[in-house]
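Let's take a walk through this one together. Pull the structure up in your viewer and keep the sequence handy.

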Amino acid sequence: MKKLRKTKPLKKAIQKLESSGLLPPNVQDRGLVPSVSMNEQILKQVFENCSDIVFRSILINRQTQMLLIYVDGLIDSKILEQVVLKPMMFEDMPDRLQKVGSIGKPIQDQLFAISEVKTVSKISEVIEGVLKYNVAVLTDGESQALLADLKGFEKRGIEEPGAELSVRGPRDGFTETLRVNTSLVRRRIRSPKLKMEPFSIGDLTQTDIVITYIEGIASNSVLEEVRERVGRIQIDGILESAFIEEFIEDLPFSPFPQIQNTERPDVVCASLLEGKVAIFVDNTPFVLIVPMTFWTGLQAAEDYYERSIYTTFIRFIRFILINISLFLPSLYVAVTTYHPQLIPTNLLISIAAAREGIPFPTAVEALMMEFLFEGLREAGVRLPKPVGSAVSIVGALVIGQAAVQAGIISAPMVIIVATTGIASFSFPRYNLGTAYRMLRFPMLLLAGILGLYGVAFGALAIIIHLTNIRSFGIPYLSPVAPQVPRNLKDALMRAHRWNMTHRPLLLSGKDKMRIPNGQHPSPKQGDQTE
């Protein structure tokens, strides 16, 4: 099995310094020397002009010289003083050093009350440890250094995700801290089969990334593909999971998203239990989930916390609304422009009267209103929250009413665009909704040029494109195309949980059974009258 090729950003950064003459050659392969002053000189060259890197020298009872190196702001200063500095300043410290003969063992085993302490012997290991929130302890006469895990930076608390709200379900969401995010998943899946493979990407940022899956449930082919695609990324920095997404998606020029992102731990856990793979990235609350199907983009987290009969009804309404958001403006333009005979007479007379005196064709009118609506939506997103909602609502009302009274836009067109905008808010996934918003404009152009033939041609092109999309080898429209009958229970509808006995066939690995058969609820089980 091909192993994931992990990048070595620190080594590349040091090589750049060596090539520029700022460091002696082969510093990354050099070991520490017994002299603290020499090690300090090399490390200060590496961290030149880094005001947040602290070099703190300590002389214990005028006998032993020590050097502490850490990043200011990323270390818990209280723990540093109480757990590290205070023990090293005991009066009997030199006697204990003489008995043991080495600084490493007494500090590591006896003095530091820290959960994680490790010994390193190379310059590059010290540099990497300091940049990853450790305190490096170097001692005169020792060719090794200790790295104490004392991370203590400011971080945001766990809050409810703002973009994926639900009436019923968990309220916790991911934060910008990697280990907090992985712990939220581990709390829900308490099994050693839950695997988390760590590695770093980014020559300068050295961003920590974790590939998460459930052994035996995740497909080996999908998992190997994820490792291969992520492992070949070479970039100077990763600031958000979107950086990873753009490097590993199958069709970068397709408007449809092929990688799911979420802030909800329950969504990640549900995906892992289906056989999918999650990619955690440090410094972002958005976790990537692969593979993604078209139907996943239409499923909300709340669908699985309500009764199946409610969820199925809501899903049918949702499917109708998303089709309205794409086809309603183009159908209106095509019918009123090229096929007025399809409109009932009374309605046609009403539309004709409303359009009397309008200087623009229906297609141009629709494009203008759609562009204005998207502009108001974008303005509402970018403005501060107290102002944004008021601007978008008031702007739509005032501009729409003024345009109708001025005779620039017809009243039916305002109704069509408003209905389309309301329908577009029904998408559970923002990125899939954006794809439909983009496709609305070419559909309007086709309707304005070819009428209903243009609408049919555009719809056919979209369907052909969807059937040809693959997300990490999985068909985008599965389990509908190709059809997997037993997995249709969670596509167009949502069957009862006791009826969804199998995991998705194309996504899961060896373990395809979700729950045993025969758990249909029966009134006899709860009958206590006998």
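What follows goes from the overall picture to the cores, one long-numbered helix, a strand residue and then the salt bridges.

Keep in mind that this is a predicted model. The protein has 530 residues, and 46% of them are buried. Its secondary structure comes to 17 helices and 12 strands. If you like contact maps, here's a handy number: among contacts between residues at least 6 apart in sequence, 65% join residues at least 24 apart. On the outside, the accessible surface is about 27,300 Å², and carbon and sulfur atoms account for 59% of that.

Now for the inside. The largest nonpolar core holds 38 residues, and those touching the most other members are F256, F294, L298, L432, Y436, L466 and Y476. Several helices feed this core: α11, α13 (362–382), α15 (411–424), α16 (430–450) and α17 (452–468) each put in at least two residues. A separate core of 24 residues lies apart from it, with I201, V230, I235 and I238 among its members.

Let's zoom in on L298, one of those well-connected core residues. Skipping anything up to four places away in sequence, L298 touches D303, R318, F319, I322, F427, P428 and L432. L432 is also on the list of residues that touch the most other core members.

Next, have a look at α11 itself, which runs from 308 to 338 and has 31 residues. From first C-alpha to last, α11 reaches 43 Å, close to the 45 Å expected at 1.5 Å a residue. Where does α11 bend? Go to F327: the helix bends there by about 45°, and a proline, P329, follows within four residues.

Over to Q260, which sits in strand β8 (residues 260–262). Is Q260 buried or exposed? It's buried, because its relative accessible area is 2%, and the cut-off for buried is under 20%. Its contacts, leaving aside neighbours within four places in sequence, are V267, S271, K276, V287, L288, I289, M292, T296 and R429.

Time for the charges. A search of the whole structure turns up 25 salt bridges. One of them pairs K132 with D208, with the closest N and O atoms 3.5 Å apart. That pair links distant parts of the chain: K132 is in the loop between α6 (123–131) and β4 (134–139), D208 is in strand β7 (residues 207–214), and the two are 76 residues apart. Both partners are partly exposed, K132 with a relative accessible area of 25% and D208 with 22%.

Contrast that with D266 and R264, which form a salt bridge with the closest N and O atoms 3.0 Å apart. Here D266 is buried, and R264 is too.

E365 and R355 make another salt bridge, with 2.4 Å between the closest N and O atoms. E365 lies in helix α13 and R355 in helix α12 (residues 345–355), so this pair ties together parts that are 10 residues apart in sequence. E365 is buried as well, at a relative accessible area of 0%.

Finally, which residues are linked in a network of salt bridges? Select E370, E374, R377, R437 and R440, and you'll have the network on screen.

Notes
Residues numbered from 1 in each chain as written. Predicted model: local features only at pLDDT ≥ 70, side-chain atom pairs only at ≥ 80, totals over all residues. Heavy atoms only, no water. Expected span 1.5 Å × (residues − 1). Bend = angle between axes of the 7 residues up to and from the residue. Buried < 20%, exposed > 50% of the residue type's maximum accessible area, 1.4 Å probe, protein only. Contact = heavy atoms within 4.5 Å. Core = buried A, V, L, I, M, F, W, Y, C linked by side-chain atoms within 4.5 Å. Salt bridge = Lys/Arg side-chain N within 4 Å of Asp/Glu carboxyl O. Areas by Shrake-Rupley, 256 points an atom, 1.4 Å probe, with all protein chains shown as cover.
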